[in-house]
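Work through the exercises below with the sequence and the coordinates side by side, and try each task before reading its solution.

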Amino acid sequence: MKFVTLLVFPFAAAFASTVPFKGCQQKVKESIHGPPRGWYKHAPAPKHHMLELKIALSQPRFPELEQHLWEISDPSHARYGAYLSKQETETLMAPHPETLAVVSEWLTLHGLTEEEVIHSSARDWVTIRVPVGLAEEMLDTTYHVYKHAETGEIILRTTSYSLPDILHHHVDLIQPTTMFARFKAFKSTLHWNNQAQPAAPCLPGETITGPAGNPVDASCNSTITLSCLRQLYNAENYKTTATNCNKLGITGYLDQYANNKDLQQFYLAQNPSAYGSNYTLISIHGGKNNQSCEAAGGEANLDTQFGFGLVWPTPGTFYTTAGQPPYIPDLVDPTNLNEPYTYWLEHLLSQNDIPQTISTSYGDHEQTVPYTYATRVCAGMAYLGARGVSLLFSSGDGGVGDTDADPATQLCKSNDGRNVTKFLPVFPPSCPYVTAVGGTVNIPETAASFSGGGFSDHFARPAYQEAAVSEYLAMLAPGTFKGLYNSTGRAYPDVAAQAGSFSIIYQGQEGPATGTSCASPAFAGFVSMLNDARINAGKTPLGFLNPLLYSTGYTALNDITQGNNPGCGTLGFNATVGWDPVTGHGTPNFEKLKALVLALP
């Protein structure tokens, strides 16, 4: 990219004198009605406090990229599996030279030198560090310190910002400004006890029938282990490969650290062959992986233990990305106050070598995520899909919003000033370029009541799921949940997996974890196995999964037809025959899926 850099800045310098910034009117670029529920204005922002601003430059060729994605992800298309290279993807991500020039001149006018401006690999993101006072001048806004009433979290934000008129079609967004999303880890319950958890009583050797018709240990109805998942999902005899370049990635945010001692103890208990093995640790934007016992993260431990444990000896990569530490008003040189996804995406897209399958268990209500930010991050997911990466996200643990079926106590209110009751879809699983994983419990499997599902308010329904979702909606009685959800939005989840009582090791203790945080790394493990089989057969990895899942892949899934996901004062949606917004198309049958994907080009 150095060649591009040499071309851009002379162009910017030549263009600078022609940009009519002087006298250019400032227009509101983005505003929200007010902070989301739970946040309140705590204090003025200190003018000297340093902010790291990320500026997203427009990507005029994204429609071209999206067309590539649809074609190379469609099993019936001649280009199926013909993924783009890093260079080809960056060409489609790049802003127009005029955009680079105009933004460069704007930054220069505010005293920023070329050395103080950091560009991403594709030059579509600009990062600068400026005092709050200068940021307020540049964005014609006022920052405040906001505090969360329930958690005590403190962040620096504003509810509106402006840019010179000429910049509006060159800049998609600037953050941190109006974004209050907390991107919590999805886990409905994590139960710990000072003593080992006794297994539910069952006779030695007792079995029950799994969804594939095969015998499954009866103990799997009370505690989920690696062996249980392989039995349940018909992959007991599959052996993965360590040397075919297949990899599984797990993401970690919000100071969630994967404890290596806990991992080895887990391996010893559930996959002794993996004992002594490790994963590749990649730190992004100063992300750490503190190995003290007290710093162990329940979420990170769950994700790495089950994700890496399922696919061993396939190499694993754990990404630890810094983001959203507490804001300390008197700290002169703070760490990152931004959300983590843009940093993670920027890093991955700059790499030549990316794991073929990546699982993430973090998100927040879509309405707390500004539309511009959601669409831009979602586009980043599409770029990864175009490079052949399967992205899986937990669908959330709030059912259709807050898991509360009581109209008198539910908390599902819009934050647009109307304060009306509505279902609360979750981002990033609402992004149409990722695979959202809902949750099941028990054997036979039923939908987990907390399984996040519904319809996006930000994203329209993609063509690949139109038939399946329309069929579901047609089954609903007229007027069902009228006004509570966007019936034309992207529907999720796409698939599901077990999400209850996963036996993990946390701070040296064995205990059960529950939530769709369990489901995503579990399903991702089976996707990684499918990629292993395809790569061994000389084929490309599966890449973006949804066009395959909705066209033929659903025939190799276990359809979940019982259960519902209450919330927002309702019983939520029902699981039923075919796709539904509780468990998607269902849980994996690995052997059937393997036969299906090996028959593809």
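The exercises that follow concern a predicted model, and they take up confidence, strand pairing, helix contacts and backbone geometry in turn.

**Exercise 1. Determine what mean pLDDT the protein has, and which stretches fall below 50.**

Solution. Begin with the whole protein, for which the mean pLDDT is 90, with 91% of the residues reaching 70 or more. Next look for stretches below 50: residues 1–18 form one of them, and beyond near neighbours in sequence this stretch has 22 contacts in the model. Residues 324–338 also have pLDDT below 50, and here the model holds 43 contacts beyond near neighbours in sequence. Where pLDDT is low, the predicted coordinates should not be read in detail.

**Exercise 2. Establish the strand order of the sheet that contains E18, and explain why one side of each edge strand has no neighbour in the sheet.**

Solution. Start from the order, which is E10-E18-E20 in an open, antiparallel sheet of three strands. Strand E10 (184–185) and strand E20 (426–427) stand at the edges with a single partner strand each, and therefore one side of each lacks a neighbour in the sheet. Then turn to the pairing itself: E10 is joined to strand E18 (residues 362–365) by two bridges in the antiparallel sense, and Lys 184 has Gly 363 of E18 as its bridge partner.

**Exercise 3. Describe the sheet that contains E6, giving its edge strands and its average twist.**

Solution. The order of this open sheet of three strands is E2-E6-E7, with antiparallel pairing. Its edge strands are E2 (39–44) and E7 (154–157), each of which pairs on one side only, and the twist from one strand to the next averages 40 degrees. For the pairing of E2 with strand E6 (residues 144–148), count five bridges in the antiparallel sense; within E6, Tyr 146 is the bridge partner of Lys 41.

**Exercise 4. Classify the crossing of H2 with H10, and characterise the residues that make the contact.**

Solution. First take the geometry: the axes of helix H2 (residues 62–73) and helix H10 (residues 371–386) come within 9 Å and cross at roughly 45 degrees. This angle makes H2 oblique to H10, and the crossing is left-handed. From H2 the contact draws on Phe 62, Leu 65, Leu 69 and Ile 72, and from H10 on Ala 379, Ala 382, Tyr 383, Gly 385 and Ala 386. Sorted by character, the contact residues comprise eight nonpolar, one polar and no charged.

**Exercise 5. Classify the crossing of H8 with H12 in the same manner.**

Solution. The axes of H8 and helix H12 (residues 516–536) come within 9 Å, crossing at roughly 25 degrees. Angles under 35 degrees count as roughly parallel, and H8 and H12 are therefore roughly parallel to each other, in a right-handed crossing. Residues of H8 in the contact include Glu 299, Asp 303 and Leu 310, while those of H12 include Cys 518, Phe 526 and Met 529. The contact residues divide into eight nonpolar, four polar and two charged.

**Exercise 6. Locate the cis peptide bonds at Pro 313 and Pro 493, and the positive phi at Asn 419.**

Solution. Most residues other than glycine have a negative phi, and most peptide bonds are trans. Trp 312 and Pro 313 are joined by a cis peptide bond with omega about 10 degrees, and Pro 313 lies in the loop between helix H8 (298–311) and strand E16 (316–321). A cis bond also joins Tyr 492 and Pro 493, with omega about 5 degrees, in which Pro 493 belongs to the loop between strand E24 (489–492) and strand E25 (495–498). Finally, Asn 419, although not a glycine, has a positive phi of about 55 degrees, and its place is the loop between strand E19 (390–394) and E20.

How values were computed
Residues are numbered from 1 along each chain as its sequence is written. This is a predicted model: local features need pLDDT of at least 70, side-chain atom pairs count only at pLDDT 80 or more; totals for chains, interfaces and linings use all residues. Side-chain values use heavy atoms; hydrogens and water are left out. Two strands pair if DSSP finds at least two bridges between them. Helices (H or I, at least four residues) and strands (E, at least two) are DSSP runs, numbered from the N terminus. Axes are lines fitted to C-alpha atoms, for helices over the stretch in contact, and angles run from 0 to 180 degrees between N-to-C directions. Angles under 35 degrees count as roughly parallel, over 145 as roughly antiparallel, 65 to 115 as roughly perpendicular and the rest as oblique. A crossing is left-handed if the near helix is turned anticlockwise from the far one by less than a right angle, and right-handed if clockwise. Contact means heavy atoms within 4.5 Å. Ala, Val, Leu, Ile, Met, Phe, Trp, Tyr, Cys and Pro count as nonpolar, Asp, Glu, Lys and Arg as charged, and the others, Gly among them, as polar. pLDDT is the predictor's confidence in each residue, from 0 to 100.
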